[in-house]
Amino acid sequence: MFTGIVEELGEVTAVENLGDASRFKLRGPVVTEGAQHGDSIAVNGVCLTVVTHEGDEFTADVMAETLNRSSLGALTVGSRVNLERPMAVGARLGGHIVQGHVDGTGEVLERKPSDNWEIVKISLPADLARYVVEKGSITVDGISLTVVEAGPDYFSVSLIPTTLDLTTLGVKQPGDPVNLEVDVIAKYVERLLGDRAPGAGK
């Protein structure tokens with residue numbers, strides 16, 4: 001379980017093609033401190049398992065399903081990535097509940113800079129739109145953000161200088177893909193109330 005508060009901006013240092021999977025080597029001195037085989041680290045919002053760890057680098061295997069359903073397949077050597085370790089029991093929940101299970105991908109549509117913040121508009125897959133509401137939470141590339149505007153096929157977020165400086169959203173440009181994870185609570189509520197919805201069972 002994560003919170004969507006990115007701990008550091010890491011870097012992909014190697015990519016190995018394993019046929020039906022890929023092995024990534026990533027550098028991140030903060031998240032690798034005390035890391036062990038089997039630990040979880042979120043990479044651009046995708047929960048990955050540490051395979052090996054040496055110095056300030058770790059490797060993680062990514063299966064084809066994850067490569068196909070997330071933007072990790074587009075990563076190359078030198079790509080910058082958002083990194084976060086799982087939250088500790090008893091720690092403050094600075095963002096919102098993030099599972100590290102990507103629901104789909106979006107695309108940066110436009111950026112509108114201002115003096116003290118920047119508005120970023122991102123496309124939204126149709127099957128995820130019902131989970132996104134104004135002032136609600138959404139995870140973009142592992143970053144917990146508040147929705148400013150929720151449209152039928154897009155949403156926008158407002159980014160403060162810290163987010164722009166310390167995460168990949170500071171450099172993403174129109175056309176770039178991003179990983180999206182909607183609020184898991186909304187999905188559970190939908191499932192629990194499904195049989196009670198008007199017209200259900202007809």
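# A tour of two barrels and two pockets

Start with the empty space: the largest pocket in this predicted model has a volume of about 310 Å³. To find the pocket, select Ile143, Ser144, Leu145, Ile160 and Thr163, which lie nearest its centre. They belong to a lining of 16 residues.

Now colour that lining by element. Strand E10 (143-150), strand E11 (154-159) and helix H2 (161-166) each give at least two residues to the lining. E10 provides the largest share, with 5 residues. What classes of residue would you see if you coloured the lining of the largest pocket by type? There are 9 nonpolar and 7 polar residues, and no charged ones.

Why look for pockets with a probe at all? Rolling one the size of a water molecule over the atoms shows where empty space is left.

**Next stop: the second largest pocket**

This pocket holds about 240 Å³ of space. Pick out its lining in two goes: Asn44, Ser71, Ala74, Leu75, Gly78, Ser79 and Arg80 are among the residues there, and so are Thr168, Val171, Lys172, Asp176 and Pro177. Which domains does this lining draw on? Colour domain 1 (8-84) and domain 2 (104-191), and you'll find at least three lining residues from each of them. By class, the lining of this second largest pocket has 4 nonpolar, 5 polar and 3 charged residues.

**Then the first barrel**

Switch to a cartoon view and select strands E1 to E6. In what order do the strands of this closed barrel run? Follow them round as E1-E2-E5-E4-E3-E6, with antiparallel pairing. Ignoring direction, neighbouring strands here are turned by 45 degrees against each other on average.

Zoom in on strand E3 (residues 40-43) and strand E4 (residues 46-54), an antiparallel pair with 4 bridges. Show Ala42 and look across to E4: the residue standing opposite is Cys47.

While you have strands on screen, turn on the side chains. In a regular strand they alternate between the two faces of the sheet.

**On to the second barrel**

Select strands E7 to E12. Here, too, 6 strands close into a barrel, in the order E7-E8-E11-E10-E9-E12, and the pairing is antiparallel. From one strand to the next, the twist averages 45 degrees.

Begin with strand E7 (residues 104-113) and strand E8 (residues 118-123), which run antiparallel and are joined by 5 bridges. How many residues sit between E7 and E8 in their hairpin? Count along the chain and you get 4. For a landmark on this pair, show Arg111, which stands opposite Val120 in E8.

Now step from E8 to E11: the two run antiparallel, with 6 bridges joining them. Display Lys121 and its bridge partner in E11, Ser156. E11 may look familiar, as one of the elements that supply residues to the largest pocket.

**Last stop: the annotated halves**

Finally, colour residues 1-96 and 97-193 separately. UniProt, in an unreviewed entry, places the feature "domain: Lumazine-binding" at both spans. Residues 1-96 are 6% helix and 44% strand, and the C-alpha atoms at the ends of this span lie 10 Å apart. For residues 97-193, the figures are 16% helix and 41% strand, with 21 Å between the end C-alpha atoms.

Terms used: Residues are numbered from 1 along each chain as its sequence is written. This is a predicted model: local features need pLDDT of at least 70, side-chain atom pairs count only at pLDDT 80 or more; totals for chains, interfaces and linings use all residues. Side-chain values use heavy atoms; hydrogens and water are left out. On a 1 Å grid over the protein atoms alone, a cavity is a set of points where a 1.4 Å probe fits but cannot get out, and a pocket is an open set with protein on both sides within 12 Å along at least five of seven lines; lining residues have an atom within 4 Å of a point. Grid points are joined across faces, edges and corners, and a volume is the space filled by probe spheres set on the points. Ala, Val, Leu, Ile, Met, Phe, Trp, Tyr, Cys and Pro count as nonpolar, Asp, Glu, Lys and Arg as charged, and the others, Gly among them, as polar. Domain bounds come from an automatic or database domain assignment. Two strands pair if DSSP finds at least two bridges between them. Axes are lines fitted to C-alpha atoms, for helices over the stretch in contact, and angles run from 0 to 180 degrees between N-to-C directions. UniProt positions are given in the numbering used here, feature names are shortened, and annotations may be inferred rather than shown by experiment.
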